[in-house]
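Dear colleague,

I am passing on the structure below, and I would be glad if you could look through it with the notes that follow. They go through a few topics in turn, beginning with how helices pack.

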Amino acid sequence: MNVAEAVGRALARLGADTVFGVVGSGNFHVTNALVANGARFVAARHEGGAATMADAYARVSGGLGVVTVHQGPGLTNAVTGIAEAAKSGTPLLVVAGETAAAAVRSNFRIDQAAIAAAVGAVPERVHSPQTALDDVARACRTAVAERRTVLLGLPLDVQGAAFPDEESRRSAARPAGYRPRPAGAPPVPVPPLVAVTRLADALQAARREVFVAGRSARLSGAREPLAGLAERCGALPATSAVARGLFAGDPFALDVSGGFATPAAAELIRGADLIVAWGCSLTMWTTRHGALIGPDARVVQVDVDARALGAHRPVDLGLIGDAAETARAVLAELESRGHRATGHRTPETAERLAREGRWRDVPYEEYPDAKDGGGPRIDPRTLTIALDDLLPRERTVAVDSGNFMGYPAMFLDVPDGDGLVFTQAFQSVGLGLATAIGAAVARPDRLTVAALGDGGALMSVAELETAVRLGLGLLVVVYDDEAYGAEVHHFGPGGHPLDTVTFPPADLAAIGRGFGCAAATVRRREDLAAVADWLAGPRDRPMVVDAKVARGRPAWWLAEAFRGH
């Protein structure tokens, strides 16, 4: 057995049950070893797609994401997906070939560790045959326990070396007095009693509390303890965009805070006298550049990462702790005091949220059809509401970046906190299709919807072949405005030329059929009958919907978004 085979076997035993990638000579043997030891390998058509698929798989499955790539260009092709995963705190292991130390003239030689560090990933390496298993275990532990994206470099000379037997490996790798680092995840942090008491005091003094739960709250399984705490103290729960659906079904839930907030939610958040962020970093997106935080509101932040506290805005109280465990501790403290309050949770608030709590409940005038020789164009809100009515409730929605993205992110309901996969930490266009494929592999029991703009769809179009090859019943909805719409609507009013960001019409339905997908062009609500037919079954191949959307107006959230540029 050589080191590549030993590493593949070890990774499979450590939880690499599904692996995405593109195979070249530098990762050929380790990938085959993974498969030989029971891992499922999903071949993508581009390393960038593979990295994003593995990222989405980890987010939806709750486990370790693994992607395997060739050295040099295989890694650089994957960098955008790696950066997104690193910024999102995804436990992702990037297994990459690496040039041998002596191959100083190799055309594949780059400083791979520096590239990883530059985008926020943790560089690791298999250093020698004797340390190989410890190196692999360390990389996996960092990824899972610390929720980091880790690059594990596999130098070619080390890969090809003979793997030593167990006794010689141990004696060479572990000097006298060596003690292995304990296995398992680190203990869940809970704030000290004095901090729990101070948060309980703040909740008891407040009259109009709002909770905003973020990514870390979703990952810690905080829905039930947060819902119980909100009910006891009278708080209204909301989420950041990435945690949307966490409080689905709660009649007092405000859905998303920030640029995507409905008018009713924005008013209620702005009127809060206490805002508690649970595993949420309170970025400009979540607070509308601070406009959703009233001038007299106190702000409390709870996060497992001390660096997140006050990172984007000052807070009155910061607690280092797991969102779920902290909520349980504060709830117990309030129960011991006998405190219970109504706060915002009144029948009037529930009635208002029932009427106005979703974007589809907000009245709108349809955008003009803007007939342009190709026929009418459908309002993206009308399109998305009609899709929401057609699709089964059990769904996963994966959204790319662009002017269109608020429509699927907010007009398509999701069943729970795992229902929206929002790869937006790096704000890269072109990740949505690969995100949807990774999510669909993780949750084949749910319909997965890929919501893309035409720009992102054409950037990633090669992965349609991957979806067809896997037989995924994936619905790919392209909001086709024949442009990079965000730039059109941001720069157009200033009189700037737009030739660089607008394009001639493309028949995306025909392109989808060319890859083997079912497809339809949608210009009117009635055209969605083709989607209804596909949904009826057997859904053994993806369907591409080329939705020719009205393009005369920017998305409602765009002006807020561009204030940050």
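Axes here are lines fitted to C-alpha atoms, for helices over the stretch in contact, and angles run from 0 to 180 degrees between N-to-C directions. Please keep in mind throughout that this is a predicted model.

With that in place, the axes of helix 12 and helix 15 (residues 323-337) come within 8 Å and cross at roughly 30°. Since angles under 35 degrees count as roughly parallel, helix 12 is therefore roughly parallel to helix 15. The residues that make this contact are Pro-225, Leu-226, Gly-228, Leu-229, Arg-232 and Cys-233 on the side of helix 12, and Ala-324, Ala-327, Arg-328, Val-330, Leu-331, Leu-334 and Glu-335 on the side of helix 15. The crossing of these two helices, helix 12 and helix 15, is left-handed.

A second pair is formed by helix 3 (residues 47-61) and helix 19 (residues 432-442), whose axes come within 7 Å and cross at roughly 45°, which means that helix 3 is oblique to helix 19. Here the crossing is right-handed, and the residues of helix 3 that take part, among them Gly-49, Met-53 and Tyr-57, meet residues of helix 19 that include Ala-434, Ile-437 and Val-441.

Turning to the sheet, five strands form an open sheet in the order 8-7-9-10-11, with parallel pairing. Strand 8 (236-239) and strand 11 (317-320) stand at its edges, and each has a single partner strand, so one side of each is left without a neighbour in the sheet. From one strand to the next, the twist averages 15°.

Within that order, strand 9 (residues 274-278) pairs with strand 10 (residues 298-303) in the parallel sense over five bridges, and Ile-275 has Val-299 of strand 10 as its bridge partner. Strand 9 also pairs with strand 7 in the parallel sense, again over five bridges, and in this pairing Val-212 stands opposite Ala-277 of strand 9. How many of the residues of strand 9 are buried? Five of its five residues are, with Leu-274, Val-276 and Trp-278 on one side and Ile-275 and Ala-277 on the other, so that both faces are covered. Helix 12 (residues 223-233), already met above, lies across strand 7 (209-213) and strand 9, and runs at about 170° to strand 7.

Helix 7 (residues 132-145) offers a check on geometry: at 1.5 Å a residue its 14 residues should span 20 Å, and its end C-alpha atoms are 20 Å apart, which agrees. Its buried residues include Leu-133, Val-136, Ala-139 and Cys-140, and the helix is followed by Arg-147, whose phi is positive, near 50°.

Finally, some backbone details may deserve your attention, because most residues other than glycine have a negative phi, and most peptide bonds are trans. Arg-288, in the loop between helix 14 (284-287) and strand 10, is not a glycine and yet has a positive phi of about 55°; this residue counts as buried, at 16% relative accessibility. Glu-482, in the loop between strand 15 (474-480) and helix 22 (485-491), likewise has a positive phi of about 55°, and is buried with a relative accessible area of 9%. The peptide bond from Gly-537 to Pro-538 is cis, with omega near 5°, and Pro-538 lies in the loop between helix 24 (529-535) and strand 17 (543-548).

With best wishes

Terms used. Residues numbered from 1 in each chain as written. Predicted model: local features only at pLDDT ≥ 70, side-chain atom pairs only at ≥ 80, totals over all residues. Heavy atoms only, no water. Helix = DSSP H or I, 4+ residues; strand = E, 2+ residues; numbered from the N terminus. Expected span 1.5 Å × (residues − 1). Buried < 20%, exposed > 50% of the residue type's maximum accessible area, 1.4 Å probe, protein only. Pairing = 2+ DSSP bridges. Contact = heavy atoms within 4.5 Å. Parallel < 35°, antiparallel > 145°, perpendicular 65-115°, else oblique. Left-handed = near helix turned anticlockwise from the far one by under 90°.
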